[in-house]
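Biologist: Could you walk me through how the helices and strands pack in this one? I'd like to start with how you decide the handedness of a helix crossing.

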Amino acid sequence: MPNSYCAGSGKCYNVAENNTVNASPTKRFFIAVLVKDISFLDAVVELVDNSVDSARLDGGASNMIGKTIDIRYDKKQFSIRDNAAGISIKQAKNYVFRFGRPKDAPATPGSVGEFGVGMKRALFKIGRHFEVESWTKAEHLHVVVDVAKWESEPEKAPTDWTFPMDVAEKNKDKAEPGTHITATKLAEYSVQQLSSVSFGTQLMLALKQAHTQSLNDGLTITVNGQNVAAEVETLLLSDEIKPIVHTEVFYVSRKSVKVRMVVGVGDDKLPKAGWYVFCNGRQIEAAEKTEKTGWNTAFDDDQKTPKVHWQFRRFRGYLFFTSDAPDALPWNTTKTGLNVEAQAYRHVQPEMQAAMRQVITFLNQVDAESESEGDKPLSSALDSARKEALRELPERRNFFFKPSSNRPAKQIRISYTVPANEGQLVKDSLGVSANREVGEKTFYYYIKAQGLQ
Amino acid sequence: MSGSFTRVNYRLRPAKGVERRMMADAFLRLRPFGSVESYRYVGMGSVYFADFTLFHNVCGFTNLVSIEDAPDESTQKRFKFNVPLGSIELKFGHSNVELPKLSWEDIRTICWLDYDYSLTRDVLIDIRFLAARLAPGSLLAVTVDTQLVEGDSGGESLLEKLIAQIGAEQKIPTQITAAGILKEPEVNSVLRTIMAQEMREGTNERNAGMPKGQRITFEQIFNFEYRDGAPMLTIGWVVFEEGRRGHFRQCEFEELPFVKSGDQPFVIAPPFLTPHEMRELDKCDALETYRSSALPLPDEERKKYEGIRRYWPTGGYAEMT
């Protein structure tokens, strides 16, 4: 019995069985699309993500001491070696090399990899030939892919795409577990990037940013033998100033997400001010200060969070999201930015705004104080506070600062310009040398003359 | 550019004068790429326009463009008053804005971006733009002050100053990032490396998808260091198609003693000699007599003059007293 198909017009057609058109992708097209939206640097970082995931899984997220990721490159070759748990033969056969994560794949709790394309996408981006060799405690495997050869194999349905695994055996030499990936026949843009005198700098900065949390947890990453240094994030803490530290567990589509929010004041460096967002240890936003994180947006009572100004240079906000379900986290597919529409992010936004407002109120007061004469209790409180690593900060729901008991009277600044020669005349007449003195003296002269006080 | 003419009398800068003459000598060697006279010269003439006059006289350029960041009208009037040649076109504005307004692909150009400040983001923007646009056979020279400028917060290390200046830590060479420190003697070399990388990135952009022989490449020919007041560095590159490397070779730049294609600079150090002494030295017909002439001169000064005497700005004696 033939199937029938009815068009919107109501007319029905008979469709013979098995009469379909071929819509399967060619390998070449598939690869081209796969690598299109990722930059070379992001591809390299993606590979490191994999190793970090593996290390976090192996040693526990908070203890990564002894875990190393070693990246080496020259103009002909790119390699990355880690000493994490390695890939088992079963994982390799069924999950690791598949494009996309099968529904039945076991979850990797707390991982960065979500869509199951990261490593493959990165490898195709970097080179036309790659090898993956891995040791678990029990097994040893080696997969080698010559992309040109793979592409030129007779076309098969994507369900039958395979890579050759030429070694799949017991780890008989008891080699240290880990994974070594080597890419050669590098793509032209890879060579250009790797030849850049500053590529190492770019990579180290990107890794330092992306994995600051893991680095602080003891992970060692080296780039051509050079250690990627961890930057310890700190906030100011004292009896007078205490940041907001708030941890919450909530559910996104029945998946548990934990968020630790830390908001307070730090160094007075404007480029560092803003929000920092981490998902499963991976930093996805740094010093973010646009509408995305609530700057310059209206609150319900019509009060606005201001645009970023010099006076807010000490503002720091951190969001650490963790979840066993990476798809519940608020990141984009390349893990390089916030997905502002993600439920997990929308959930914390009200808390963020409230926290931000508290700290900004404080910073506004600091600013007002600095413009005025007399004691500067808030500034001195800032100067005398110590820097405390984020992880050491105690939980506290609200931002705390000791308001100054004798707030100085509000001051305003009056300024005007006059021709230089006339200004000099008045200076001479007053017997002063600074422009500011001219302003002040003439101002009080007027007050006195008019009997205003 | 940007007003240094009010602080520096360019005619009293002998090292700069020597540099200009050396550059002119090198420009003449571009002949294998085409007639030198037909090149366009784009510079930053200042009110003295010394480079324009010299290059016009020596190389025969008649298509000349001067870019001057002089926003106010009275300064512009001064520039217009001082233009020495009718063929000089004046463009008032920042180089980042004015360079893109000119056409580049269809005319071989010698462009000398003679900044009076240090290597900044703006300089890198100009280099990158030109690397992506210059017609093959063109020459780009860039001069910057090598003193790194103190930022707002003060007290920074050289590395911090450099990062603040170029506005991107990503551009710092890996070896410096790895060392975590930039030492004074390395500064010029690092500035040169950063500029060359910007050239490379600009050419990479335009080369995407081009057949190998038509890809644009560049070779450094200038690496001058001198100090009339502030310490300056000039790096210059010839831009050409890979397939025309033969033309570049035919230029035989290496025959010129001041041409430096690597990290080692040619240091222009003007001698402290009187015009009398110079004239006497100029009379020596051969290097031997020059070296052994009985003039009562310190060896060091004699040596300095030896390297640059062909390029010493002779016409300037009277004005320089």
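Modeller: A crossing is called left-handed if the near helix is turned anticlockwise from the far one by less than a right angle, and right-handed if clockwise. Please keep in mind that this is a predicted model.

Biologist: Okay, so which hand does the crossing of α1(B) and α2(B) have, left or right?

Modeller: The crossing of α1(B) and α2(B) is right-handed. Helix α1 of chain B covers residues 14-27 and helix α2 of chain B covers residues 50-59, and the two pack at an angle of about 35 degrees with their axes 10 Å apart.

Biologist: Which residues meet there?

Modeller: From α1(B) come Arg20(B), Ala24(B) and Phe27(B), and these meet Ala50(B), Asp51(B), Leu54(B), Phe55(B), Val58(B) and Cys59(B) in α2(B). By class, the residues of this contact of α1(B) with α2(B) divide into seven nonpolar, no polar and two charged.

Biologist: Switching to chain A, how do α11(A) and α12(A) cross?

Modeller: The axes of helix α11 (residues 420-430) and helix α12 (residues 435-449) of chain A come within 10 Å and cross at roughly 70 degrees. Angles of 65 to 115 degrees count as roughly perpendicular, so α11(A) is roughly perpendicular to α12(A). On the α11(A) side the contact is made by Gly423(A), Val426(A), Lys427(A) and Leu430(A), and on the α12(A) side by Asn435(A), Val438(A), Lys441(A) and Thr442(A).

Biologist: And what's the mix of classes in the contact of α11(A) with α12(A)?

Modeller: The residues of that contact divide into three nonpolar, three polar and two charged.

Biologist: What about the sheet, in what order do its strands run?

Modeller: Chain A has an open sheet of eight strands with mixed pairing, in the order β7-β6-β5-β8-β4-β3-β9-β10. The edge strands are β7 (165-170) and β10 (226-227) of chain A, each of which pairs on one side only. Strand β6 (residues 139-146) of chain A pairs with β7(A) in the antiparallel sense over five bridges, and Val143(A) has Met165(A) in β7(A) as its bridge partner.

Biologist: Which strands does α4 of chain A touch?

Modeller: Helix α4 (residues 118-126) of chain A packs on the sheet and touches β4 (78-82), β5 (127-135) and β8 (178-186) of chain A, with its direction at about 35 degrees to that of β8(A).

Biologist: Last thing, how many residues does each chain put into the contact?

Modeller: The contact takes 11 residues from chain A and 11 residues from chain B. On the side of chain A that touches chain B, the largest share, six residues, comes from helix α7 (residues 199-210) of chain A, and the residues of that side divide into four nonpolar, seven polar and no charged.

Terms used. Residues are numbered from 1 along each chain as its sequence is written. Chains are lettered from A and ligands numbered from 1 in the order in which they are written. This is a predicted model: local features need pLDDT of at least 70, side-chain atom pairs count only at pLDDT 80 or more; totals for chains, interfaces and linings use all residues. Axes are lines fitted to C-alpha atoms, for helices over the stretch in contact, and angles run from 0 to 180 degrees between N-to-C directions. Helices (H or I, at least four residues) and strands (E, at least two) are DSSP runs, numbered from the N terminus. Angles under 35 degrees count as roughly parallel, over 145 as roughly antiparallel, 65 to 115 as roughly perpendicular and the rest as oblique. Two residues are in contact if their C-beta atoms, placed from the backbone, lie within 7 Å. Ala, Val, Leu, Ile, Met, Phe, Trp, Tyr, Cys and Pro count as nonpolar, Asp, Glu, Lys and Arg as charged, and the others, Gly among them, as polar. Two strands pair if DSSP finds at least two bridges between them.
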